[in-house]
Amino acid sequence: MEQENNVSENKSNNLTPKEIVAQLDTYIIGQHKAKKAVAIALRNRQRRLKLPQEIRDEVAPKNILMIGPTGVGKTEIARRLAKLCNAPFLKVEATKYTEVGYVGRDVESMVRDLMAVGYNMVKAEMQETLKTQAEIRVEEELLDLLLPGSREDSKKQKAKENALPISIFGTSTVEATPKKEEEKTSEVDNSTREKFRVMLREGKLEEREVEITIKKQNNMPTMEIFAGGSMEDLEAGMRQITSMFNGGRSKKKTVTIGEARKILTEEQLDRMIDPDKVADEARERVQQSGIIFIDEIDKIAVRGERGGQDVSREGVQRDILPIVEGSNVNTKFGVVDTTHILFIAAGAFNLSSPSDLIPELQGRFPLRVELDSLHAEDFKRILLEPKNALTRQYIALLATENVTVEFAESAIDRMSFLAADVNSRAENIGARRLHTIMETLLEELSFEADEHSGETIVITDKYVDERLKNIVENQDLSKYIL
């Protein structure tokens, strides 16, 4: 099982920085500096794990601060990076945290949430390796539900077949010979069970209903709820205590074979996996390769004289500081050391600057990357090149209504120009402007798609102007619609 886990990890861990950037290029246009920075940071994490123990502990992660206007790809880079590196990843908003003593979540909850992500990740991997074994057991349980008592008859028949006569000097003294009637009954029952097994594997019994007993898990509560958690954590802990007193109970439920298979498979996998082993592996993975992305960090920056809400903002920074520097945080899966967790912070910094952060926190983000604003040419590439390009999404959506949509190059050019133009005159929201343009452009077609079934609609620059010209020309209206 450990070997299989290592194989899945090595596929992503062996990527070179150039290969990481190439993978990010399939979803994110431009921003080469930011991609290069995160690619190097990710590769250095793998390099560090290959160092001798005495040197490894001294190598600290190079945290990254991404600076750029909204909608240029800061969050998308971090999100795609997490999928690429197969590491525990958590995205949080800096504005959701408040200084201790104020209403809001305490900053340590980000580590607890990351640990929960890591636990679920490791648990899913272990379950995948045991899935085949669990399916075999579930099949036997389903046959027991369909043919109660048939398994015992099958076992007895096998035991009788394996019984050998005991002889002394060639003379049989004891012979295990069952009665003929019992043999026939057992053979019939065994044959019926095998027939049902074949039907089960062929999916012919999926809609048949059976009654199963669902056991409620009795999870012991942890002391985390007393370790300075938020009100949400306290409520979760109280639910655990309630379930403990209600634990051990079971209820019967009538479901189809298909539903029963899912329920029984989950129960089997839970029984086969050791929670302590999962927690230990998850904690190690979180400590060595975990990534926390803190978005909107500019919103807790303090500008000019401090007073009012700025006091709380600075307090949040000071609370975040020890976690970024490295500290031990209590979680329900054990104590997590944050020393080698990689932190990536991002913010627009349009109303403040990185220098408005407290000096200690600035020092913990030594790598700073500025992301470029997007222009018409960038918007054109965003509409066409990424795997999840908006044009591809809308073509696929309308294809479900049997409507074929084609975008002429002139239409792509026109939409790209309009997005850049509106961003320059109104609030610059980057690539998110394309979402509003595309939705407004195809609103009428999406509404009447069923009436155009079987048709091919070509989107041209004239089509774009007809749908958007009046809105774009009216600057006051474009602020609200585009």
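Select strand β1 (residues 64-67) and then β10: the two pair in the parallel sense over four bridges, where pairing requires that DSSP finds at least two bridges between the strands. Strands here are DSSP runs of E with at least two residues, helices are runs of H or I with at least four residues, and both are numbered from the N terminus. The model is predicted, with local features needing pLDDT of at least 70 and side-chain atom pairs pLDDT 80 or more, while totals for chains, interfaces and linings use all residues. Residues are numbered from 1 along each chain as its sequence is written, and side-chain values use heavy atoms, leaving out hydrogens and water.

On the β1-β10 pair, pick I67, which stands opposite G347 in β10. Next add α3, which packs on the sheet and touches β1, β7 (291-295), β10 and β11; contact means heavy atoms within 4.5 Å. The direction of α3 makes about 165° with that of β1; axes are lines fitted to C-alpha atoms, for helices over the stretch in contact, and angles run from 0 to 180 degrees between N-to-C directions. Helix α5 (residues 74-85) also packs on the sheet, touching β1, β2, β7 and β10, and its direction makes about 170° with that of β7.

Now show the whole sheet. It is open, has five strands in the order β2-β7-β10-β1-β11, and its pairing is parallel. β2 and β11 (367-370) stand at the edges with a single partner strand each, so one side of each has no neighbour in the sheet. From one strand to the next the twist averages 20°.

From β2 (89-93), move into the loop that leads to α6 (109-146) and select D106. D106 is buried at a relative accessible area of 14%, buried meaning under 20% with a 1.4 Å probe and protein chains only. Its side chain joins that of R112 in a polar contact of 3.1 Å, that is, a pair of N or O atoms within 3.5 Å, one able to donate a hydrogen and the other to accept it; residues adjacent in sequence count only if both atoms are side-chain atoms.

Two loop residues come next. Most residues other than glycine have a negative phi. Q31, in the loop between α2 (17-25) and α3 (32-49), has a positive phi of about 55° and is buried at 6% relative accessibility. F349, in the loop between β10 (342-347) and α13 (359-363), has a positive phi near 50° and is buried at 9%.

Methods. Buried means under 20% relative accessible area, exposed over 50%, partly exposed in between (1.4 Å probe, protein chains only).
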